[in-house]
Amino acid sequence: MKKIIIVFFILLLCGCSDYKELNDLAIISTIGIDKDKDDYKICMEVLNTNKKDSKNYIIYSKGKTLNEAINKANDKSDKKIYGGHLNQLIVSKDIFNKKNTEIIDSFIRLTEVKDEIDLFLSKEDTACELLETSIKSNKESYKLLDNSLKYSSRSSNTNIDTYISNTLKYGIDPVISTIKKDKDNIVIDNIAITSNGKIIKYLNEKETIGYNFIRNEINNFSIPVKYKDKYMTIKINKSKTTNKAYKNKIIININIDAYITEYNLDLDLDDNKTISKLEKLTEKEIDKYIKEVIKLDNKSNFLGFKRMIYEDYKIKTNDYSISTNIKVNLKRKGELKRKI
Amino acid sequence: MNLKIGNKEYSSILFFISETLFLSVGLSEILSLSKNDSIIAGIIGIILSFIFLYIVLKFNDYEKDLNIFEKIDKLYGKYIGTFINIVLVILSSFYFSYVLWSQNVYVQNKYLEETSPIITTLFFMLPVILLVRSNMKTISKVSIAIFFITILELLFSYFNLYPKIDFNNFKPILNTSFKDIIISSIKYASYSITPVIMLLTVSKNEIEYPKDLNKNLYIFNLISGIKFLLTISFLIGIFGIDLSKLFYYPEYSLMKKINTLNFIQNVQNILTVNSIYNLLISEVLSLYFIKTYFKYKNMNNIFLYIIIIILTFISINLFSNSTQGYNFIKNNIIYLYTIPIFILLIISNIKTRI
Amino acid sequence: MDIINELIKDNPDLKIRKLNINNKKIYIIYFESLCNSSSINEYILYPIENNNLNTYKKIINKLPSSNLLELNNKEDILLNLYSGFTLIYIDKKYISFETKEKLSSDITEASNEKGIKGPKDSFTENYQTNLGLIRKRIRSDKLKVIEHTLGKSSKTKLALIYMDNITNKKLVNDINEKIKKIDIDYIPNTNYILELISKKNYTLPNYLMTERPDLTSYHLMNGRCIILLENTIEVLILPSFFSDYIQNIDDYYQNTKNISITRIIRLLAFIISILTPSIYIALTTFNPETLPTSILINFSIQRSGVPFPSIIEAIILIISFEILREADARIPTLVSSSMSIVGALVLGEAAVNAGLISPIMIIVIALSSVASFLFNDIDVVNSIRIWKIIILLLSSFLGLYGLFIGSLLFLIKITSMSSFGYDYTLPIYPFSLKEQSNNIILTKKYKLNFRNKFLTKNKRR
């Protein structure tokens with residue numbers, strides 16, 4: 001019995017083909033996809049693994065399909081291209097409108113690639129220019145944007161999974177966030193909404209805030225509230241949105257805990273009527289945001305109202321009315337009882 | 001110093017062999033048939049599987065000193081009994097080659113892409129043959145040890161996946177026709193209970209406290225059903241039904257989603273090791289079935305090893321490509337595997353009362 | 001006397017003293033290398049001279065001795081001569097008298113098994129001293145000793161000790177029967193006995209060898225059997241299980257609640273020492289996506305410029321570490337400090353600075369080797385080394401899949417071992433909830449009140 005085991009271990013020597021040394025891998029963290037007449041032109045950012053304090057570099061390639069371009073780049077570079085740590089995808093606007101599901105298909109299909117890849121759209125510049133600026137700037141080596149920029153309430157973040165999942169469902173259309181160049185840094189811009197796979201409009205700041213309110217993604221957000229030409233600032237601590245769907249109407253319930261961080265009005269904070277008046281003012285302010293974004297509901301399904309009715313009542317309808325119900329609780333008002 | 005097999009350890013084998021057929025074929029089939037109602041189909045399927053298990057266990061209660069071959073010989077006489085035993089052995093060897101082939105496809109797709117399948121198969125046969133050479137006591141000890149490891153891994157992964165569920169993905173419910181739900185539940189029950197007949201190679205008196213054996217087997221069947229329900233709930237809750245029925249290996253894609261603290265990512269290769277344990281225990285049990293038959297007929301051990309080597313080399317090229325293989329199994333497994341065994345069991349149960 | 005005349009030709013240390021008392025010839029025969037000459041003078045020659053003991057009966061009744069035997073056949077005569085007894089030949093009969101020279105060391109501190117609290121004496125090479133060290137701890141009439149003499153040329157004494165009301169009789173009879181069948185000519189150490197009794201030999205030991213009498217008497221009171229052999233320090237305790245390597249006798253002398261954490265750390269050290277090198281190699285070369293990106297970049301920077309593949313680095317480091325360990329055991333103390341500096345320099349600084357080995361590999365291998373030294377028994381450390389290398393080879397060729405196969409092989413090996421009729425993985429399989437109070441966790445109630453219920457039926461103390 002033992003001799004057979006020894007023979008086995010000698011057979012082990014022919015099983016080495018999957019062995020990849022760490023130094024032989026070109027670890028890719030971002031891919032940018034552009035259009036070049038009818039083909040794809042891609043640029044890939046490779047992380048630096050040679051010495052400390054060196055910069056990353058870019059590989060360019062071209063091809064008729066995405067994977068052909070990657071394969072051509074693999075033949076030219078001295079290290080094997082490895083996509084297990086791919087974090088971001090930047091797609092430029094021209095190619096997105098035509099071939100968006102094609103691009104995303106290969107990133108879900110491959111086993112090697114991980115699941116939470118962020119998807120960004122580039123409105124004006126090409127993706128390669130954006131990558132080049134990000135390499136020159138002084139950032140941590142594999143992140144394109146700082147985390148705080150991604151998760152702010154004035155923008156939104158998509159990844160590939162949610163994009164595909166929303167495309168396949170009835171009654172909801174995905175959104176995609178855009179980035180742009182700002183001198184030497186990359187910053188996040190406004191959101192693009194799609195319908196039937198084509199980009200329709202870019203939301204401005206108020207509409208983005210309203211969208212975030214409806215999708216329950218507000219955190220750490222400050223609103224200025226105006227009363228008789230003077231301002232106070234309200235910071236929203238916790239906000240919870242529940243949407244209730246009936247057969248022909250949708251009610252948006254928002255429940256907010258708020259603080260006062262800056263106070264310049266003439267009213268006295270110690271009075272009961274002041275508190276309820278301030279709460280009503282805040283509610284009106286927030287309602288303005290939501291009303292702005294509801295106007296866009298007939299152009300695209302990005303708010304997901306049709307899907308809510310379908311989920312609860314299984315009917316596919318186009319006419320429904322939307323109403324809001326906002327409740328603000330002023331929990332903390334700071335240390336002083338009136339303005340200085 | 002006891003020579004009897006422990007009760008709970010022997011029942012934990014059921015947890016592993018009842019999950020093997022779900023790896024490649026079963027889960028995606030049930031998801032495509034009964035879309036958002038797969039949870040309801042799963043619950044009905046668990047109840048049906050208890051009924052199927054009851055039929056199997058009732059056969060085990062007859063003549064507690066004999067194993068399955070001796071029982072069949074006693075019931076049916078010499079010639080028909082031998083014929084039935086040989087048919088069972090052939091079904092078990094086909095089960096072994098199918099499981100080994102499906103393991104080849106799985107490992108080649110997920111773990112080692114460029115190594116040739118002969119090497120991976122041969123190395124996996126090392127622990128399999130070591131276990132087959134020993135007795136059922138060692139197999140049950142190994143099984144309870146890896147049961148604990150599996151439970152720990154499942155708890156870890158569910159705990160990390162829970163924040164990503166979106167409860168709106170479960171709606172709309174009760175959208176599929178009643179016929180589809182019933183067919184899904186019958187498929188669940190037949191995939192999970194039919195291999196249990198291979199457990200009957202050990203007679204009931206070789207297990208200590210034989211009165212508690214049936215109760216423990218039901219408990220482990222329930223645990224396996226709960227695991228199935230949890231997997232389906234997480235799949236539908238995170239991906240939505242439209243995306244999750246597109247996957248080839250849904251559990252693998254589910255584990256890919258784990259991303260806590262930006263630190264534990266991409267651990268799916270470690271956490272799906274319970275699929276490999278399922279395959280190991282199934283292969284060991286099917287070979288042990290053949291070995292018991294050879295020992296019952298007093299044949300030399302060399303025949304067993306020759307048959308193992310032949311089956312291993314057949315299974316590497318069993319179907320020409322994976323699509324053809326999975327379609328063949330999907331369409332034919334109930335007619336070829338489940339229905340004959342259950343007809344046999346029902347007729348035997350009726351005969352034991354006469 | 002012709003037997004003695006034959007022997008005197010080849011053995012120059014066999015001395016014969018002729019006495020002539022009242023015309024009766026008395027011969028005093030002894031081996032000078034084995035007997036204490038001053039006690040011969042004081043207890044044999046002096047009384048015989050002074051009291052005129054010249055008949056057989058007078059000598060037997062009046063000679064001051066605690067151990068006086070009358071011998072009849074040749075084998076007994078030779079056995080007594082070679083054991084350090086003095087023979088007195090009178091009236092054609094032999095009488096033997098004990099005058100042994102002390103040829104073994106004193107009772108000192110245990111050199112291989114260190115403890116923090118508790119008694120520090122250890123067994124010596126003297127058989128009666130060892131038996132005395134046990135008897136003074138258990139002063140009960142239930143302590144039984146069965147004695148055998150083994151070895152055709154060595155004739156060493158062996159004692160099988162057990163407690164009558166606690167130990168399982170079947171186990172004692174089983175071991176006794178096997179000892180009776182031993183047929184060998186020379187037994188140097190207790191390990192020979194083990195290999196002669198058991199049929200199968202495993203890499204992980206299924207016995208316990210110790211040199212501390214407190215551990216021995218503790219296990220005696222728990223229902224195990226002890227085998228004592230002359231001329232050896234180590235004492236054999238049978239049967240023994242896997243959980244004995246996680247427990248230590250010092251645990252029972254310290255605070256009960258802190259000990260549970262110490263045992264968990266020991267179990268973790270066992271797992272770490274077997275699995276760490278193979279996890280490192282499997283994750284960095286076959287599945288780099290499992291590691292977070294920042295760690296991956298760090299490892300990659302460290303490995304730049306190293307000419308070997310990772311697996312060759314690992315094997316070179318393991319071999320050099322084992323050479324260093326073996327050399328450390330043999331080096332005389334005068335030279336040891338400078339050699340240890342050379343070893344640390346070679347393995348640590350110089351290799352990294354020359355660009356031959358990456359620092360992370362040194363950390364991994366050193367961690368796994370140091371963690372394996374947590375265990376007292378050198379057999380456990382050596383078997384961990386074998387398993388480490390097997391799993392490392394398997395995982396370097398087949399990645400994570402090979403790691404699973406390797407750990408499955410280890411699991412199958414442990415669950416199929418047995419120790420003298422008991423399963424090796426005793427409190428886990430067959431599972432018993434009561435026994436878990438002494439497996440990894442220790443509770444005060446168990447420690448004071450119960451014994452191991454698998455080994456004995458007498459469960460309460």
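User: In this predicted model, which strands of chain C does helix α7 lie across, and at about what angle does α7 run to β9(C)?
Analyst: Helix α7 of chain C spans residues 190–197. The strands beneath the question are β8, β9 (225–229) and β10 of chain C, and α7 lies across them. Against β9(C), the helix runs at about 125°.

User: What is the strand order of the open sheet that holds β6 and β8 of chain C, and which strands are its edges?
Analyst: This open sheet has five strands with antiparallel pairing. Its order is β6-β7-β9-β10-β8 in chain C. An edge strand pairs on one side only, and that picks out β6 and β8 (208–210) of chain C.

User: How much does the twist average from one strand to the next in that sheet?
Analyst: The sheet in question is the open one with the order β6-β7-β9-β10-β8 of chain C. From one strand to the next, its twist averages 25°.

User: How many bridges join β8(C) to β10(C), and which residue is the bridge partner of Met209(C)?
Analyst: β8(C) and β10 (residues 235–238) of chain C run antiparallel. Three bridges join them. In β10(C), the partner of Met209(C) is Leu236(C).

User: What links β6(C) to β7(C), and which residue in the turn has a positive phi?
Analyst: β6 (residues 143–150) and β7 (residues 156–163) of chain C pair in the antiparallel sense over eight bridges. One bridge joins Leu150(C) to Thr156(C). The two strands form a hairpin with five residues between them. The turn residue with a positive phi, about 90°, is Gly151(C).

User: Chain C also has an open sheet with β1 and β3 in it. What is its strand order?
Analyst: This sheet also has five strands, with antiparallel pairing. β1 (14–21) and β3 (68–71) of chain C are the edge strands. Neighbouring strands are turned by 25° against each other on average, direction ignored. The order is β1-β2-β4-β5-β3.

User: Which residue of β5(C) is the bridge partner of Leu68(C)?
Analyst: β3(C) and β5 (residues 93–98) of chain C run antiparallel and are joined by four bridges. In β5(C), Leu68(C) is partnered by Phe97(C).

User: Which helix lies across β2, β3, β4 and β5 of chain C?
Analyst: The strands include β2 (24–31) and β4 (85–90) of chain C. The helix runs at about 135° to β4(C). It covers residues 74–82 and is α4 of chain C.

User: How is chain C divided into domains, and what distance separates the centres of domain 1 and domain 3 of chain C?
Analyst: Chain C is divided into domain 1 (2–98), domain 2 (127–240) and domain 3 (252–419). Taken over C-alpha atoms, the centres of domain 1 and domain 3 of chain C are separated by 62 Å.

User: Which element gives the most to the side of chain C that touches chain A?
Analyst: The contact takes 19 residues from chain C and 23 residues from chain A. On the chain C side, α9 (256–285), α10 (293–302) and α14 (378–415) give two or more residues. By class, that side has 10 nonpolar, seven polar and two charged residues. The top contributor, with six residues, is α10(C).

User: Which element gives the most to the side of chain B that touches chain C?
Analyst: Here 27 residues of chain B are in contact with 20 residues of chain C. α6 (117–133), α7 (136–161), α12 (268–271) and α13 (273–296) of chain B give two or more residues. The chain B side divides into 18 nonpolar, seven polar and two charged residues. With seven residues, the element that gives the most is α6(B).

User: Why is α5(B) described as roughly antiparallel to α15(B)?
Analyst: The axes of α5 (residues 78–110) and α15 (residues 322–353) of chain B come within 12 Å and cross at roughly 150°. Angles over 145 degrees count as roughly antiparallel. The crossing angle therefore makes α5(B) and α15(B) roughly antiparallel.

User: What is the handedness of the crossing of α5(B) and α15(B)?
Analyst: The contact includes Trp101(B) of α5(B) and Tyr337(B) of α15(B). Its residues divide into eight nonpolar, two polar and no charged. The crossing is left-handed.

User: Which strand gives the most to the side of domain 1 of chain A that touches domain 2 of chain A?
Analyst: Domain 1 (23–202) and domain 2 (205–332) of chain A have centres 33 Å apart. Their contact takes 17 residues from domain 1 and 19 residues from domain 2. On the domain 1 side, β8 (185–195) and β9 (198–202) of chain A each supply at least two residues. The strand that gives the most, with five residues, is β8(A).

Conventions: Residues numbered from 1 in each chain as written. Chains lettered and ligands numbered in written order. Predicted model: local features only at pLDDT ≥ 70, side-chain atom pairs only at ≥ 80, totals over all residues. Pairing = 2+ DSSP bridges. Axes fitted to C-alpha atoms, helices over the stretch in contact; angles between N-to-C directions. Contact = placed C-beta atoms within 7 Å. Nonpolar A, V, L, I, M, F, W, Y, C, P; charged D, E, K, R; others polar. Domains from an automatic or database assignment. Parallel < 35°, antiparallel > 145°, perpendicular 65-115°, else oblique. Left-handed = near helix turned anticlockwise from the far one by under 90°.
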